[in-house]
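Reader: Please take one part of this model and go through it closely, then place it in the chain as a whole. I would also like to know how far the coordinates can be trusted.

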Amino acid sequence: MKTKFFLLIGILIVFSNCAVIRPGEAGVKQTLGKFSDKVATQGTILYNPLVSKVVKESTQTNNIKLILSLPSKEGLSVNSEISILYRLEKDKIPSILENLGQDYEPIITSVFRSASSDVCAQFFAKDMHSGMRAKIEEEIKSKMKVNLEKQGDGIELIAVLMKSIQLPRGLANSIERKLQAEQDAMRMEFVIQQAKLEADRKIINAEGERDAQKILSEGLTQEIIKIRSIEAFNKLSESPNSKIIITDGKTPFLVDE
């Protein structure tokens, strides 16, 4: 009876000292302070609670959100919401835990603050609110990667995203006025272009009418006028209707009866 009891107790102890590793997690056994090189990604890990424990870490993409005031080249402060996307490399989790510990996110944040200050200070405030933002984000990411590698390998930076950029009020108003002026200039240029096209069209039409009149006047010689008059008299003579013809012998003028 006692044997069965101790056997049952032993089974309970064994099953009560196992860690379940779920999808998206990695587990590393730590025995007497030393981390195992073996990383488990799914299933269970048995361990002796007296001398060991299992440390679990996420292998999914993680997001650190920050709200910072970033310096600019002209000495202004630009407020921005930041997202740092990163992921732990599964095989290097023991190295990360050994070198950085489990509380490694503040280290990533500190590295970002340093990298972002160095990079943003090379750009004007308006650049952070324009198409230059992608370039700034990429340079911050590259600088962070170099600095993190000095702390130890194993943290994969996926992206650095600058969101909700808030420029100083005076600068924001200046940029808005500049954009409005550019739009007005583009609109005026369009109006001028349309007016020019309309003027060109009228000139072309006028030139066409002038050339037509010129050609017509050059073609009406005295000989042609006489021939046309003779043809007109012939047609009148063939007509059965009686008419009164008043003429100077050159051109007819008809009066119907």
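Author: A residue counts as buried when its relative accessible area is under 20%, as exposed when over 50%, and as partly exposed in between. By that cut-off, 25% of the 257 residues of the protein chain are buried in this model, which is a predicted one.

The part chosen here is a nonpolar patch on the surface, formed by M188, F190, V191 and I192. Together these residues have about 410 Å² of accessible area. M188 lies in helix 5, which covers residues 169-219. Its relative accessibility is 47%, so M188 counts as partly exposed.

As for the chain around the patch, the protein chain contains six helices and 10 strands. Its accessible surface comes to about 17,800 Å², and carbon and sulfur atoms account for 56% of that area. Contacts between residues at least 6 apart in sequence were also sorted by separation: 60% of them join residues at least 24 apart.

On confidence, the mean pLDDT of the protein chain is 78, with 69% of its residues at 70 or more. The highest mean is that of helix 3 (residues 105-120), at 91, and the lowest is that of strand 10 (residues 252-256), at 47. Over residues 253-257 pLDDT stays under 50, and for this stretch the model has 12 contacts beyond four places in sequence. Where pLDDT is low, predicted coordinates should not be read in detail.

Key. Residues are numbered from 1 along each chain as its sequence is written. This is a predicted model: local features need pLDDT of at least 70, side-chain atom pairs count only at pLDDT 80 or more; totals for chains, interfaces and linings use all residues. Side-chain values use heavy atoms; hydrogens and water are left out. Patches are made of residues with over 30% relative accessible area and no salt bridge: like charges are joined within 9 Å, nonpolar side chains (Val, Leu, Ile, Met, Phe, Trp, Tyr) within 5 Å. Accessible areas come from the Shrake-Rupley method with a 1.4 Å probe; for residues, only the protein chains shown count as cover. A salt bridge is a side-chain nitrogen of Lys or Arg within 4 Å of a carboxyl oxygen of Asp or Glu. Helices (H or I, at least four residues) and strands (E, at least two) are DSSP runs, numbered from the N terminus. Buried means under 20% relative accessible area, exposed over 50%, partly exposed in between (1.4 Å probe, protein chains only). Contact means heavy atoms within 4.5 Å. pLDDT is the predictor's confidence in each residue, from 0 to 100.
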